[in-house]
Amino acid sequence: MSLEKDQISSNQLSMLGLLCVVGDMALVYPAAMTAGAHQDAWIAGLISIPLGLGIIKLLLLVSQMNQNQTIIEQSSQILGRWAGGAVAVSYLFFFLICCATYVREMEDFLTTQIYEGTPGEVIRLMTIILLVYGLRLGLGTLGRAAQVFLPFFIFFLVCLFVLLLPEVKIGRIQPFMNTTPASFLHTLMFGVFYPFGEMCVFLMVLPFVKKEKSTNRKLFISLLIGSLGLNVILFLSLTVLGVYFSEHEFYAAYILAQTINIGNFLQRLEALMATTWIISTYFKSVLFFYAFILGSAQVLKLKTYHTLIFPAAFLLFGISRLIAKDIILYIKEIPEYWVDWNLTHALLFPVLLLLVNKIRLNVSRRQPEG
């Protein structure tokens, strides 16, 4: 018996996918990519798109092994009680830490850029209250909310792109291909497994999507659009701010919005960028929070996941503070290791599940012949 009674349409799934792939990346992506590839970061970003969509194809293959089961249920069924349980717990820990990190990112951004005199605990508490409220309303409501907020999200991003075009200077990204192969490859790994690797969260959502033939195609298109949007932000950051500021500014996209000045009249539009980022990061956070709570309920074999929402909220409040002592640690130090974590949950575990499932199917087919 399924713990989730709500269902979302393929259109709602694609909208959640677009918001999720952009998510917190909208602000931190330029700094992370230029740290390794410098002026060639935009090239690494474009190459990472088809590779990242390959990861999405792999995740969809995993979900199609049993379309009515989440990755938590599939792990136990395919790998057995102990090995499958270990993989399931690893995914749960991954979902929890990801959600805690996004909450902390919103807290630090708002307290350092907008509400400088506000205690971080207040921002964190308000964020978690919104996450709890969203989950209490259910997955279906989140899907409909994505339909409401996505037009505003796209409008804000288009305004940012159009108004920054007069400031673009291509000379700031020259010379081309001046990065060492090792640094370029490291940046490429980041571009693939940071935005796309975290889409493994949809392995907890896909079983509750209304089955349509176009579901996978719509999800691919939305993720392609979202990844192109990220790389447009990266390109604008390089050509407007330059390589040095793109690499060393924590929130390069926010600084980009501050540079907009049309005739000394249209300016100070960074609030639009902040609104865009908060919208996308909220939906990404709530999906990971949902994945953690639903998966925990499935591991514990509960009849409903709603009883875990409030206890998980208290857990999230504490972990989001303990995850790092300051903003520098998780923006400059953690990403290098986070890529490996994303690779494990978006590539290694899915490949393991596919191989073991194929072996088990082959063995079961041969048994009657013997």
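The following exercises, each with a worked solution, concern the predicted model shown above.

The model is predicted, and local features need pLDDT of at least 70, side-chain atom pairs count only at pLDDT 80 or more, and totals for chains, interfaces and linings use all residues. Residues are numbered from 1 along each chain as its sequence is written, and side-chain values use heavy atoms, with hydrogens and water left out.

**Exercise 1. The chain as a whole**

Describe the helices and strands, the radius of gyration and the burial of the chain.

Solution.
1. The chain contains 15 helices and two strands. Helices (H or I, at least four residues) and strands (E, at least two) are DSSP runs, numbered from the N terminus.
2. The radius of gyration is taken over C-alpha atoms, and the globule rule is 2.2 Å times the number of residues to the power 0.38. For 370 residues a compact globule would have a value near 21 Å, and the chain, with 21 Å, agrees.
3. Along the principal axes, the C-alpha atoms fill a box of roughly 75 × 45 × 40 Å.
4. Of the 370 residues, 55% are buried. Buried means under 20% relative accessible area, exposed over 50%, and partly exposed in between (1.4 Å probe, protein chains only).
5. Contact means heavy atoms within 4.5 Å. Among contacts between residues at least 6 apart in sequence, 84% join residues at least 24 apart.
6. The chain exposes about 16500 Å², of which carbon and sulfur atoms supply 66%. Accessible areas come from the Shrake-Rupley method with a 1.4 Å probe; for residues, only the protein chains shown count as cover.

**Exercise 2. Helix α1**

Determine how far helix α1 reaches, how many of its residues are buried, and which helices those residues pack against.

Solution.
1. Helix α1 covers residues 10-22, which is 13 residues. From its first C-alpha to its last it reaches 19 Å, close to the 18 Å expected at 1.5 Å a residue. The expected span is 1.5 Å times one less than the number of residues.
2. Eleven of the 13 residues of α1 are buried, so the helix is largely enclosed by the rest of the structure. Among them are Leu 13, Leu 16, Cys 20 and Val 22.
3. The buried residues of α1 pack against α2 (25-37), α7 (139-164), α9 and α12 (270-299).
4. After α1 comes Gly 23, with a positive phi near 40 degrees.

**Exercise 3. Two neighbours in helix α9**

Decide whether Ser 227 is buried or exposed, and state how Leu 228 is classed.

Solution.
1. Ser 227 lies in helix α9, and Leu 228 is found in that helix too, which spans residues 215-241.
2. Ser 227 has 3% relative accessibility and therefore counts as buried. Leaving aside neighbours within four places in sequence, Ser 227 is in contact with Val 21, Ile 49 and Phe 196.
3. Leu 228 has 38% relative accessibility and therefore counts as partly exposed.
4. Leu 228 joins Leu 46 and Leu 224 in a nonpolar surface patch, with about 230 Å² of accessible area together. Patches are made of residues with over 30% relative accessible area and no salt bridge: like charges are joined within 9 Å, nonpolar side chains (Val, Leu, Ile, Met, Phe, Trp, Tyr) within 5 Å.

**Exercise 4. Salt bridges**

State how many salt bridges a search of the whole structure finds, and analyse those of Asp 108 and Glu 107.

Solution.
1. A salt bridge is a side-chain nitrogen of Lys or Arg within 4 Å of a carboxyl oxygen of Asp or Glu. The search finds six.
2. Asp 108 pairs with Arg 104, with the closest N and O atoms 3.0 Å apart. Because they are four residues apart in helix α5 (residues 81-114), about one helical turn separates them.
3. Asp 108 is buried at 9% relative accessibility, and Arg 104 is buried at 2%.
4. Glu 107 forms a salt bridge with Arg 321 (3.7 Å, N to O). This pair links distant parts of the chain, since Glu 107 is in helix α5 and Arg 321 in helix α13, 214 residues apart.
5. Glu 107 is buried at 2% relative accessibility, whereas Arg 321 is partly exposed at 34%.

**Exercise 5. An unusual backbone angle**

Locate Lys 301 and describe its phi.

Solution.
1. Lys 301 lies in the loop between α12 and α13 (309-322).
2. Its phi is positive, about 60 degrees, although Lys 301 is not a glycine. Most residues other than glycine have a negative phi.
3. Lys 301 is exposed, with a relative accessible area of 72%.
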